[in-house]
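Trainee: Hey, can you walk me through this one? I have it open on my screen and don't know where to start.

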Amino acid sequence: MIKWEMEKDIIFIVKSMDSKYVESTIKQGRLCFNTPQVFDDKSLNLAQYDKYDSWMQYEARDIYIAPLLEDNERHLSYGKPVKILEKATIHEIDGINKSVPICCFRKIDENEITVFDDKMIVTIETEVVERIKNEFGHNSFILIVNPNMFLDRICLNSSCYAHSIYYTDNKIEFEKYIESVPEELVQAKMFQKEQKYAWQKEYRVILPPISDNNNRRFVEIGNLEDIAIVGEIEQLSKGVEIKYSDYEFIRKNLIIE
């Protein structure tokens, strides 16, 4: 079992969705996990489609090829290298990662929170909310006000790992990140995406690889009404109020300078 902790900059996490899924999510804790190939579908909404989800992606420059002249037990030789590209985007994926189920959330940090004596207000920029509506096709949200308890419930149901996405197009930068995660976590490369997706502030939860041919797994962790708030997506740009009196664990466990 890999031990990990919620990152300290994360205050809450939010799951945007179509309103038809809200009741089953909040009442039953029914969560859908998809393997990466599910997102390689051009019929999906703009922000959902990602041909290279969970692939390691980086930019290469000055790309050459050299013809193979001789390859035998005694000798291996190549001809003169020929430059074919100034730059290109390289995509790599480990075989195991193709079958790892993913569930995606948006992290809420202190930049999206205003604190008062007895309540907190969560506000996401109007431009971002509009992108969620238009590019994901989502009209509702579930705000998880106790992410630690939420993830504990998932992990009780199934072994899981969670971390924020690392947004970069630089291979060297991402390799430094890889060094910070557990060595046995071969799925670490699933937590990199291109910089163009950074506006999503994704917090990703993964489960063990699926052994059959299914690309989707559903997990039910029970009623979430004790740790979550439901609303229409527009509320996030206007501000969602969280009262300490309703969620006493916030006062006990949350410190914002």
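**A small sheet and some single residues**

Mentor: Let's start with one pairing: strand 9 and strand 17 run antiparallel to each other, joined over 4 bridges. Keep in mind that this is a predicted model.

Trainee: OK. Which residue is the bridge partner of Val122 in strand 17?

Mentor: That's Val240.

Trainee: And how many strands form that open sheet?

Mentor: There are 3 strands, in the order 8-9-17, and the pairing is antiparallel. Strand 8 (113-115) and strand 17 (240-243) are the edge strands, each pairing on one side only. On average, neighbouring strands in this sheet are turned by 20 degrees against each other, ignoring direction.

Trainee: What actually holds strands of a sheet together?

Mentor: In general, strands of a sheet pair through backbone hydrogen bonds, and they can do so in a parallel or an antiparallel way.

Trainee: What about strand 8 and strand 9, over how many bridges do they pair?

Mentor: Strand 8 pairs with strand 9 (residues 119-122) over 3 bridges, in the antiparallel sense. Thr114 stands opposite Ile121 of strand 9. As for the connection, a hairpin of 3 residues takes you from strand 8 to strand 9.

Trainee: Zooming out now. How many helices and strands are in the protein?

Mentor: You'll find 6 helices and 17 strands. The C-alpha atoms fill a box of roughly 75 × 40 × 35 Å along the principal axes. Of the 257 residues, 44% are buried.

Trainee: And the contacts, what share join residues at least 24 apart?

Mentor: That's 79%, counting contacts between residues at least 6 apart in sequence.

Trainee: Could you show me one pair like that? Where is Ala60, say?

Mentor: Ala60 is in strand 3 (residues 56-65). Its C-alpha atom is 6.1 Å from that of Thr89, although the two residues are 29 apart along the chain. Beyond its neighbours within four places in sequence, Ala60 is in contact with Glu86, Lys87, Ala88 and Ile90.

Trainee: Why does Ala60 count as buried?

Mentor: Because its relative accessible area is 18%, and buried means under 20%.

Trainee: Next one: is Thr35 buried or exposed?

Mentor: Thr35 is buried, with a relative accessible area of 1%. You'll find Thr35 in the loop between strand 2 (30-34) and strand 3. Leaving out residues up to four places away in sequence, Thr35 touches Lys98, Ser99, Val100, Pro101, Ile210, Asn214 and Asn215.

Trainee: Changing topic, what's up with the backbone at Asp62?

Mentor: Asp62 has a positive phi of about 50 degrees, and it isn't a glycine. As a general point, most residues other than glycine have a negative phi. Asp62 is found in strand 3, and at 42% relative accessibility Asp62 counts as partly exposed.

Trainee: What about the phi of Lys201?

Mentor: Phi of Lys201 is near 45 degrees, again a positive value in a residue other than glycine. Lys201 is in the loop between strand 13 (192-193) and strand 14 (202-206). Its relative accessibility is 17%, so Lys201 counts as buried.

Trainee: Last thing: how many positive and negative side chains does the protein have?

Mentor: The protein has 33 positive and 45 negative ones, and the centres of the two sets lie 2 Å apart. The accessible surface is about 14600 Å², with 47% belonging to carbon and sulfur atoms.

Methods
Residues are numbered from 1 along each chain as its sequence is written. This is a predicted model: local features need pLDDT of at least 70, side-chain atom pairs count only at pLDDT 80 or more; totals for chains, interfaces and linings use all residues. Side-chain values use heavy atoms; hydrogens and water are left out. Helices (H or I, at least four residues) and strands (E, at least two) are DSSP runs, numbered from the N terminus. Buried means under 20% relative accessible area, exposed over 50%, partly exposed in between (1.4 Å probe, protein chains only). Contact means heavy atoms within 4.5 Å. Accessible areas come from the Shrake-Rupley method with a 1.4 Å probe; for residues, only the protein chains shown count as cover. Lys and Arg count as positive and Asp and Glu as negative; His and the chain ends are not counted. The place of a charge is taken as NZ of Lys, CZ of Arg, CG of Asp or CD of Glu. Two strands pair if DSSP finds at least two bridges between them. Axes are lines fitted to C-alpha atoms, for helices over the stretch in contact, and angles run from 0 to 180 degrees between N-to-C directions.
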